[in-house]
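The paragraphs that follow lead through one protein model, beginning with the chain as a whole and then taking its helices and their contacts in turn. Please keep the sequence and the structure in view while reading.

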Amino acid sequence: PLFSVLTRLNLTGSGLCTEFQANLLAVYFPWGTAWLLYTGGHTTALLGWGGIFFTSVVVFLAPIFLALHAIKESDAVGSVNVYGGYLKEKSKQEIALYILLLGSIASITFAVIGEFR
C-alpha cells in the first residue's frame, strides 16, 4: 500500500498524470494483476516462463554472443587458454562458438517445449 501511495503522489505531483490516471497506474493495475496471478497456478506458470527466458539469456545466450563479439572485434589473445591449445585460429574458435550457440538454442527450445507438457 505504501508503494502505491508514493507512486500515485509522485505521478500527480510531477504533473505527469491526472489523479484518475495515477490511481489506475499505481493502485488498481498492480493490485488487480497481483489478484489475478494469486489465484490458481498462474504464479507458478509466470515464474516458470520467466525463469526459462531470463536464465536462457543470462546463462546461455549472452556469454556466447559476448565471446563471438570479442573474437570478431579484437585481435588480442585472451589470458585463459579456453580451448586447451586445440583451436588456435580465430576462425576455428568462431566455428566452435557457433556450434555452441546452436546447442544452446536447441536446449532452450527443448525447455520451451517442455513447459507445454
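Two residues are said to be in contact when they have heavy atoms within 4.5 Å of each other. On that definition, 49% of the contacts in the protein between residues at least 6 apart in sequence join residues at least 24 apart. The model is a predicted one, and what is said here about it should be read with that in mind.

The protein contains four helices and zero strands, and, read along the sequence, these elements follow the pattern α-α-α-α. Its radius of gyration is 23 Å, whereas the globule rule gives 13 Å for 117 residues, and because the value for the protein is well over that, the protein is more spread out than a compact globule. The C-alpha trace spans about 65 × 40 × 20 Å along its principal axes. Of the 117 residues in the protein, 15% are buried.

The walk along the chain can start with helix α1, which covers residues 2–13, and with its partner, helix α2, which covers residues 19–38. The two helices pack with their axes 8 Å apart and at an angle of about 155°. Angles over 145 degrees count as roughly antiparallel, and α1 and α2 are therefore roughly antiparallel to each other. The crossing in which α1 passes α2 is right-handed. On the side of α1 the contact is made by S4, T7, R8, L11 and T12, while α2 contributes E19, A22, N23, L25, A26, V27 and W31. Sorted by class, the residues of this contact between α1 and α2 are six nonpolar, four polar and two charged.

Three residues of this pair of helices show how the contact looks from the level of single side chains. S4 lies in helix α1, and with a relative accessibility of 8% this residue counts as buried, since the cut-off for a buried residue is under 20% relative accessible area. When neighbours within four places in sequence are left aside, S4 is in contact with A26, V27 and W31, and these three residues are among those that α2 contributes to its contact with α1. R8, also placed in helix α1, is partly exposed, with a relative accessible area of 22%. Not counting residues up to four places away in sequence, R8 touches E19, A22, N23, A26 and V27. As for its distance from another part of the chain, the C-alpha atoms of R8 and F65 are separated by 40 Å, the two residues being 57 residues apart along the chain. On the other side of the contact, N23 has its place in helix α2 and counts as buried at 17% relative accessibility. Apart from neighbours within four places in sequence, N23 is in contact with R8 and Y28.

The next step along the chain leads from α2 to α3. The axes of these two helices come within 6 Å and cross at roughly 100°, which makes α2 roughly perpendicular to α3. Here L36, L37 and Y38 in α2 meet H42, T43 and L46 in α3. By class, the contact of α2 with α3 consists of four nonpolar and two polar residues, with no charged residues.

The remaining pair to consider is formed by helix α3, residues 42–73, and helix α4, residues 90–116, whose axes are 10 Å apart and which pack at an angle of about 170°. That angle makes α3 roughly antiparallel to α4. The contact of α3 with α4 has 19 nonpolar, five polar and four charged residues.

One residue from each of these two helices may serve to complete the picture. V59 lies in helix α3 and is partly exposed, with a relative accessible area of 49%. V59 and G78 are 19 residues apart in sequence, and their C-alpha atoms are 21 Å apart in space. S91, in helix α4, is likewise partly exposed, with a relative accessible area of 47%. S91 and I71 are 20 residues apart in sequence, and from C-alpha to C-alpha they are 8.9 Å apart in space.

Conventions. Residues are numbered from 1 along each chain as its sequence is written. This is a predicted model: local features need pLDDT of at least 70, side-chain atom pairs count only at pLDDT 80 or more; totals for chains, interfaces and linings use all residues. Side-chain values use heavy atoms; hydrogens and water are left out. Buried means under 20% relative accessible area, exposed over 50%, partly exposed in between (1.4 Å probe, protein chains only). Axes are lines fitted to C-alpha atoms, for helices over the stretch in contact, and angles run from 0 to 180 degrees between N-to-C directions. Angles under 35 degrees count as roughly parallel, over 145 as roughly antiparallel, 65 to 115 as roughly perpendicular and the rest as oblique. A crossing is left-handed if the near helix is turned anticlockwise from the far one by less than a right angle, and right-handed if clockwise. Ala, Val, Leu, Ile, Met, Phe, Trp, Tyr, Cys and Pro count as nonpolar, Asp, Glu, Lys and Arg as charged, and the others, Gly among them, as polar. The radius of gyration is taken over C-alpha atoms; the globule rule is 2.2 Å times the number of residues to the power 0.38.
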